[in-house]
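Trainee: I keep meeting words such as buried, contact and pairing, and I would like to know what stands behind them. Could we go through a few together?

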Amino acid sequence: MAVRIGELLLKEKRITPEQFQEALNHQRQHGGKLGFNLVKLGFVRDEEITALLSRQYGVPSIVLSGFDIDPTVIKLVPAETAQKYQIVPLSRSGATLTIAMTDPTNVFAMDDIKFMTGCNVEPVVASETAVADAIQKYYSKAAQAAALSASGGGSESALDVASKALSEMPMLSPNGAGEVEVLEDFEEISAEMLAKQGEEAPIIKLVNVVLMSAIQKGASDIHIEPYEKELRVRYRIDGILYHVMTPPMKFRDAITSRIKIMSKLDIAEKRLPQDGRIKIRFQDQGETKDIDFRVSCLPTLFGEKIVMRLLDKDKLMLDMTRLGFESESLVRFEAAIQKPWGMVLVTGPTGSGKTNTLYSSISRINTIDTNIMTAEDPVEFNLMGVNQVQVRENIGLNFAAALRSFLRQDPNIILVGEIRDFETAEIAVKAALTGHLVLSTLHTNDAPSTVNRLMNMGIEPFLVASSLNLICAQRLVRRICSHCKVPHPLPEAALVQAGFTEEEARSVVPQKGAGCEKCNNSGYKGRVGLYEVMDVTEELRELVLVGASALELRRKAIEEGMITLRRSGLIKVRAGMTTIEEVVRETVK
């Protein structure tokens, strides 16, 4: 917590009560911090305040007026950040950056600078006047031009570019962190009350900064992980985890409790996993926006790990033509979901976009004359005109129970979030055979192996063959950033090994992202789907009936024109949408 400088100066009898009151009056009239006004009125010297702060905070002090700072060190921290936090970078030694601060207890400032520079931050204390003068001196336009000249005529390093890109991202300042509203179900909590709490409680500010920063950076998940000697915060952006912050260990329990309170969980229960949900409302470029966070708490060796999945309805892509389907695959998929009965299965690992594909399917067939029922765990997005049921295992409302009830609700289309067991699979198959269109997901590696998975669950081959209309396997790969895309030729042998024919390898020129501010120097921005769509034809039904292996089903499906996951990826490499590395990482030949 910040030291009250006026009270300390009074306690040490460096100023009189009359001077203290006069400085307070001057502060009310002219603004600024009290220390700055005391120096301005001539009641104390800068050096006295610096020495006092050094003793109180237990960190070294520095007189900035006699310190000459290397321009390349100044470039590590953008002017906006230095001004916002009232800091000045002084020197860099290896992976340690020393900064002068007026308030060395400001963890937001240190975490922000650590994130944007990649350095460990070592604070020293300096007076407000000295820091303000140093910012003016080193961050003026003339100083920036001199720094650019001294660093080699304008060639920016990757670190400079990254720092600049991060500094220009719309980050939420700690003072603005209270501007987040937490919504209780759909009832709005007072924004004024929350703002007041945000000003009073550093932990509330910190959690709000973590949530808002994740939204602004386009993260899909937030990981808060306690270890023996550190607390780590990571964001998953475009499928890859990035380390963004290391809050002090003393905040671990407070952060966990704050998130549990926001998601209506039991803060006293630290031994069992818990799941909850946070709904927040905030202002985004003048518009009010709602975002849900799905919260999971898991007890680990050194505390509770928290993972929050961001559910942003604005980013839910319901236009099937934009998901990444090849044209022939999309024609097959749309034909299957337009049939009056049968089963359409979407398969793939967690985080491969299955929910988005299912919601897109429902949106395509959601008309006024259809009754659509869904059983989900959890319900991720609310869809107009769709009857959505939240599965609750703890009270006996599982997928099988929900499905049984659906069949008495006169449905046309049934969506089952996931087929996990024989009971759910059996009811889903029977529903598909009795005049209902059933959409669901399974966790399998590709489309042909889904048939064997259903039979391994205990479903008879003739039921599988009769009920299945189509199986769609999918993966998500990172999309090359369109702002820094450049040709990246590879040897023909490497292209052939990836799966291209020799003729294709001679003409294909893969692309890659060079790295720019827009993609934070990663070369990737956004993701695109790879799809393997297996239409269950009469020939495939016959193979299923005689108990054919997944390999035999795969060969037959390819003969009939199925585009495999690997082939879907190679098509996107040829089109310049993704890289060979991404396709090889997510698919097999």
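Mentor: Gladly; here are some labels, each set against its definition.

Mentor: This is a predicted model, in which local features need pLDDT of at least 70 and side-chain atom pairs count only at pLDDT 80 or more, while totals for chains, interfaces and linings use all residues. Residues are numbered from 1 along each chain as its sequence is written, and side-chain values use heavy atoms, with hydrogens and water left out.

Trainee: Why is S568 called buried?

Mentor: Buried means under 20% relative accessible area, exposed means over 50%, and partly exposed is in between (1.4 Å probe, protein chains only). S568 has 0% relative accessibility, so S568 counts as buried. Its place is in helix α24, residues 565-574; helices are DSSP runs of H or I with at least four residues, strands are runs of E with at least two, and both are numbered from the N terminus.

Trainee: What makes the pair S568 and E326 a polar contact?

Mentor: A polar contact is a pair of N or O atoms within 3.5 Å; within protein, one must be able to donate a hydrogen and the other to accept it, and residues adjacent in sequence count only if both atoms are side-chain atoms. The side chains of S568 and E326 are joined at 3.0 Å. The S568 side chain also reaches the backbone nitrogen of Y531, at 3.3 Å.

Trainee: Which residues are in contact with S568, leaving aside neighbours within four places in sequence?

Mentor: They are E326, L530, Y531 and I563. Contact here means heavy atoms within 4.5 Å.

Trainee: Is S352 buried or exposed?

Mentor: S352 has a relative accessible area of 3%, so it is buried. This residue lies in the loop between β11 (342-347) and α15 (354-365). Its side chain reaches the backbone oxygen of P349 at 2.7 Å. Not counting residues up to four places away in sequence, S352 touches Q474, R475 and L476.

Trainee: Why is L433 called partly exposed?

Mentor: Because its relative accessible area is 37%, L433 is partly exposed. L433 lies in helix α17 (residues 422-433), and it is in contact with L463, S466 and S467, leaving aside neighbours within four places in sequence. Its C-alpha atom is separated by 9.3 Å from that of L468, 35 residues apart along the chain.

Trainee: Which label does P202 get?

Mentor: At 49% relative accessibility, P202 counts as partly exposed. P202 is found in helix α12, residues 202-216.

Trainee: What makes Y227, L301 and F302 a nonpolar patch?

Mentor: Patches are made of residues with over 30% relative accessible area and no salt bridge (a side-chain nitrogen of Lys or Arg within 4 Å of a carboxyl oxygen of Asp or Glu); like charges are joined within 9 Å, and nonpolar side chains (Val, Leu, Ile, Met, Phe, Trp, Tyr) within 5 Å. F302 has 32% relative accessibility and so counts as partly exposed. Together, Y227, L301 and F302 have about 320 Å² of accessible area on the surface, computed by the Shrake-Rupley method with a 1.4 Å probe, where only the protein chains shown count as cover for residues.

Trainee: How do you know that β6 and β7 pair?

Mentor: Two strands pair if DSSP finds at least two bridges between them. Strands β6 (residues 231-237) and β7 (residues 240-245) have five bridges, in the antiparallel sense. Among the bridge partners are R236 and, in β7, L241. The hairpin has two residues between the strands, and D238 takes a positive phi near 55° there.
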